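User: I should like a close look at one part of this model, with an account of its surroundings.

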Amino acid sequence: MKKESIEQKLEIIHTAAILLIESRDINKISIYDISREAGIASSTIYHHYPKVEAIFEHLMTTVFKDFDNVLHNAIIPSNVHRWPDINRMIETAFVDFYRKNKLVQKLLLSQHIFTSIRHADLENDTRLGIIVDSIYRQYFDIPQQPPHINIFTVSLQLADRVYSLDYRRLGDISDDMAEEAIRATEAYLSLYLPHFMKIKN
């Protein structure tokens, strides 16, 4: 019988971890649980990942790439007339993505003990904020922003906080709270963005 390559073994490990995350309390998943689900010795998993949190961190790298795709596909240029249109498109796209992806719900919206994942998420928000800033600047001349913050990063984090509150309460993001996140982020961004900005030709 042909031995599996390292890449194949890692893929089996990752798939087993995803299945467990989607179906169980993320705080109660161990290397041994993943070992049983994957049909791979726990010693083999420990060889690649010293702790279960490291597996989750690896899965986050794929999630972060997916976020880039969400932003890339969120904007419909013909529907951009005012800057709040961009905010609404972005947040609507993220809610749709969250609702369809249990892995992301568990890793980013649930209450769990893995601080490294939260730290990685915050770092990624900084990166996404820069991308969102560039999206806005494609359509509008954005006024000079405060040097100590990226307002679009804060806006993304604010929306995620609203989604997280609803997810922890209901296990989902309700339409009402999705709309509330749009209102909250628009209100915040309006502190820095003029209500009327001429769209670029």
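Analyst: The part chosen here is aspartate 125, which is found in helix α7. The model is predicted, and the description below applies to that model. Aspartate 125 is buried, yet it has no salt bridge. Arginine 127 is the nearest side chain of opposite charge, and it lies 8.5 Å away, whereas a salt bridge requires a side-chain nitrogen of Lys or Arg within 4 Å of a carboxyl oxygen of Asp or Glu. Leaving aside residues up to four places away in sequence, aspartate 125 touches Thr153, Leu156, Gln157 and Asp160.

The helix that holds aspartate 125, α7, spans residues 115-139 and is among the elements that give two or more residues to the largest nonpolar core. That core has 65 residues, and Ile34, Phe56, Phe67 and Tyr136 touch the most other members. Other elements that give two or more residues include α5 (83-100), α8 (151-170) and α9 (175-189). The element that gives the most is α4, with 12 residues. For phenylalanine 56, the contacts beyond four places in sequence are Ile21, Ile26, Ile29, Leu107, Phe114 and Ile117.

Helix α7 also has a partner in α9, whose buried residues pack against α5, α7 and α8. The 15 residues of α9 reach 21 Å from the first C-alpha to the last, close to the 21 Å expected at 1.5 Å a residue. Its buried residues are Ala178, Ala181, Ile182, Thr185, Tyr188 and Leu189. These lie on the same side of α9 because they cover an arc of only 135 degrees around the axis.

How values were computed
Residues numbered from 1 in each chain as written. Predicted model: local features only at pLDDT ≥ 70, side-chain atom pairs only at ≥ 80, totals over all residues. Heavy atoms only, no water. Core = buried A, V, L, I, M, F, W, Y, C linked by side-chain atoms within 4.5 Å. Buried < 20%, exposed > 50% of the residue type's maximum accessible area, 1.4 Å probe, protein only. Helix = DSSP H or I, 4+ residues; strand = E, 2+ residues; numbered from the N terminus. Contact = heavy atoms within 4.5 Å. Expected span 1.5 Å × (residues − 1). Arc of directions from axis to C-beta. Lys, Arg positive; Asp, Glu negative; His and termini not counted.
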